[in-house]
Amino acid sequence: GFVLSLDVGTTAVKGVLFDGRGEALATDVQEYALARRGPGIVEVDPELYWDAARKAAKNVLAGSGNRAGKVESVGVTSQGETLITVGRDGTPLRPAIVWLDNRSEREAGDIGQEFRIDEIYRLTGQQEIVPTWTATKVLWLRRNEPAVFERTHKFLLAADYLLSRLTGQHITDCGLNPSTLYFDIVRNRWWADMLEYLGISEDQLPVLTFSGEQAFPILPRAARQMGLREGTTVTTAPIDQVAAAIGAGNIEPGIITETTGAALA
């Protein structure tokens, strides 16, 4: 069987079809534009993520000789930190606040006043508090767009949103969430004290899973839109950098990989 991998990047969705030996059979890249609405403000319409993922999947399957019937599972990874708020029906309530959006500088400072940096490092692994982290964006939303904040059924990351469109369920990967600033990497659960400070509950976040632990059935409608057969399963994956390290063969102690991206290394 084959595996379809989708990566929701900052400016494009990448799709790759792998065979059982891990060999790439076909790849496709679907780009989209970021909306810069002001100094430090960077947004994108979440629908663009879905459209790009759909097109990438269809092109990959076509480029591999239409092996859709042999695709057993779809794995989804993404950029981290980008905040997508959805209502009870799963529809986004506003554009996604992209990770490199810096509007929440004041909120980052306030979180730094409320929590000691050594506690944040011990529980999240983050060594500084910057507007990139999702928690600062949630707090900004609460203060500046209270109507959206009150209507938000789930606070999602980019991969979470794609997973919800594919499965109808709100699920996420533990390995995607350390840089949200509200995931406890010691206990592998949401950090209750940070959630309380932000004014959100665990019920407003997706269910935490580990990649490879659980497979979720694809929705029939999503299968049709992707060009996949019904019965295909969907799995979570860690953040793109972790997924890339595994792809490069960094899977045991003593191996070092270096990744240079458009924003950080």
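Arg 21 has a relative accessible area of 69% and therefore counts as exposed. This value, like the others below, comes from a predicted model. Arg 21 is one half of a salt bridge, the other half being Asp 19, with 3.4 Å between the closest N and O atoms. Asp 19 has a relative accessibility of 12%, which lies under the 20% limit, so Asp 19 counts as buried. The pair thus joins a buried acid to an exposed base.

The wider count of such pairs is 14 salt bridges in the whole structure. Another of them links Glu 43 with Arg 37, where the closest N and O atoms are 2.6 Å apart. Here too the acid is buried, because Glu 43 has a relative accessibility of 4%. Arg 37, at 56%, counts as exposed because the limit for that class is over 50%.

How far apart are N and O in the salt bridge between the side chains of Arg 103 and Asp 101? The distance is 2.8 Å. Both partners of this bridge are covered: Arg 103 counts as buried because its relative accessibility is 16%, and Asp 101 is buried with a value of 0%. Through shared partners, salt bridges connect Arg 103 and Asp 101 with Arg 37, Glu 43, Arg 94 and Glu 145 in one network.

The next part to follow is the start of the chain. Strand 1 spans residues 2-8, and 5 of its 7 residues are buried, so the strand is mostly covered. Strand 1 pairs with strand 6, residues 71-78, in the parallel sense, and 7 bridges hold the pairing. Within strand 6, Ser 78 is the residue opposite Val 8. Strand 1 also pairs with strand 2, residues 12-18, this time in the antiparallel sense and over 6 bridges. Leu 6 has Gly 15 of strand 2 as its bridge partner. The connection from strand 1 to strand 2 is a hairpin of 3 residues. As a general point, side chains in a regular strand alternate between the two faces of the sheet.

From the strands, the path leads to helix 3, which covers residues 117-124 and contains Thr 124. Is Thr 124 buried or exposed? Thr 124 is buried, because its relative accessibility is 1%. A polar atom of the Thr 124 side chain lies 2.7 Å from the backbone oxygen of Ile 120. The side chain of Thr 124 also reaches the backbone nitrogen of Gln 126, at 3.2 Å. Leaving aside residues up to four places away in sequence, Thr 124 touches Pro 178, Leu 181, Phe 183, Ile 185 and Trp 191.

The last stop is on the surface. Which residues form a nonpolar patch there, with about 280 Å² of accessible area together? The patch is made of Val 242, Ile 246 and Ile 251. Ile 251 sits in the segment after helix 9, which runs over 240-247. Ile 251 is exposed because its relative accessible area is 63%, whereas Thr 124, at 1%, is buried.

Definitions and conventions. Residues numbered from 1 in each chain as written. Predicted model: local features only at pLDDT ≥ 70, side-chain atom pairs only at ≥ 80, totals over all residues. Heavy atoms only, no water. Helix = DSSP H or I, 4+ residues; strand = E, 2+ residues; numbered from the N terminus. Buried < 20%, exposed > 50% of the residue type's maximum accessible area, 1.4 Å probe, protein only. Polar contact = N/O pair within 3.5 Å; in protein donor to acceptor, adjacent residues only side chain to side chain. Contact = heavy atoms within 4.5 Å. Pairing = 2+ DSSP bridges. Patch = residues over 30% accessible without salt bridge, like charges linked within 9 Å, V, L, I, M, F, W, Y side chains within 5 Å. Areas by Shrake-Rupley, 256 points an atom, 1.4 Å probe, with all protein chains shown as cover. Salt bridge = Lys/Arg side-chain N within 4 Å of Asp/Glu carboxyl O.
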